[in-house]
Amino acid sequence: MADRTDNLTSGNLLGIPETRLPDDFVDTQVAEELVEGDPRDVAARHLDSPLAWATLAEDALSDGDEISAYAFARTGYHRGLDALRRAGWRGQGPIPASHAPNRGFLRALAMLGETSRRLGDQPEADRVTDFLREADPSLLG
């Protein structure tokens, strides 16, 4: 019963367990490499890293290149979905940002929403907002 109570108080009314990427997920290493490394070089070495792609998306967006930012964000999003599915995610339920290995995927997802909004694809931006709300409501304030 404690698990059900925890799910209810956290907003997870369906009782779906959280999905947590493994502690040794590639983004753990990528986060360290990004501290001093060029994001393009890091991404080239770790094509499966949502964090690397999210960083490239953020950089492209800050340079005003919305199309590249969108492509990078979408790549990170899809790489993250692949990893989440391998970790047992079945298309719904919490993906907590409090678990560090999940953050690269969540950043790529947020960037996908932002770039979609900037490019005028409001339906996609709204879907991303809904996904973020389900994944971790704390991300939306």
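## Helix 4 and the aromatic core

In this predicted model, the buried residues of helix 4 are Pro50, Leu51, Ala52, Trp53, Ala54, Thr55, Leu56, Ala57, Ala60 and Leu61. That makes helix 4 a mostly covered element, with 10 of its 13 residues buried. What do those residues pack against? Their partners are helix 2 (26-36), helix 3 (39-45), helix 5 (66-86) and helix 6 (103-118).

The geometry of helix 4 checks out too. It covers residues 50-62, and at 1.5 Å a residue its 13 residues should span 18 Å; the end C-alpha atoms are 18 Å apart, so the two agree. After the helix comes glycine 64, with a positive phi near 85°.

Now for the core. In soluble globular proteins, nonpolar side chains tend to be buried together. Here the largest nonpolar core has 33 residues, and the members that touch the most others are Val30, Tyr77, Ile95, Phe105, Leu106, Leu109 and Phe131. Helix 2, helix 3, helix 4, helix 5, helix 6 and helix 7 (122-135) each give two or more residues to this core. Take leucine 106 as a case: setting aside neighbours within four places in sequence, its contacts are Ile95, Pro96, Ala97, Leu132, Ala135 and Leu139.

On to the rings. The structure holds 5 aromatic pairs, and two of them, both involving tyrosine 77, are set out below.

| Pair | Centre to centre | Angle between planes | Type |
|---|---|---|---|
| Tyrosine 77 and phenylalanine 105 | 6.1 Å | 25° | stacked |
| Tyrosine 77 and phenylalanine 131 | 6.3 Å | 80° | edge-to-face |

Why is the second pair called edge-to-face? The planes of tyrosine 77 and phenylalanine 131 sit at 80°, and an angle over 60 degrees counts as edge-to-face. For the stacked pair, the 25° between tyrosine 77 and phenylalanine 105 falls under the 30 degrees cut-off.

Both pairs bridge separate stretches of chain. Tyrosine 77 in helix 5 and phenylalanine 105 in helix 6 are 28 residues apart. Phenylalanine 131 lies in helix 7, so its pair with tyrosine 77 ties together parts that are 54 residues apart in sequence.

Are these three rings buried or exposed? Tyrosine 77 counts as buried because its relative accessibility is 14%, where the limit is under 20%. Phenylalanine 105 is buried at 0%, and phenylalanine 131 is buried with a relative accessible area of 17%.

Add a tryptophan and the picture is complete: Tyr77, Trp89, Phe105 and Phe131 form one aromatic cluster.

Technical notes:
Residues are numbered from 1 along each chain as its sequence is written. This is a predicted model: local features need pLDDT of at least 70, side-chain atom pairs count only at pLDDT 80 or more; totals for chains, interfaces and linings use all residues. Side-chain values use heavy atoms; hydrogens and water are left out. Helices (H or I, at least four residues) and strands (E, at least two) are DSSP runs, numbered from the N terminus. The expected span of a helix is 1.5 Å times one less than its number of residues. Buried means under 20% relative accessible area, exposed over 50%, partly exposed in between (1.4 Å probe, protein chains only). Contact means heavy atoms within 4.5 Å. A nonpolar core is a set of buried Ala, Val, Leu, Ile, Met, Phe, Trp, Tyr and Cys residues joined through side-chain atoms within 4.5 Å. Rings of Phe, Tyr and Trp (its six-membered ring) pair if their centres lie within 6.5 Å; planes under 30 degrees apart count as stacked, over 60 as edge-to-face and the rest as tilted.
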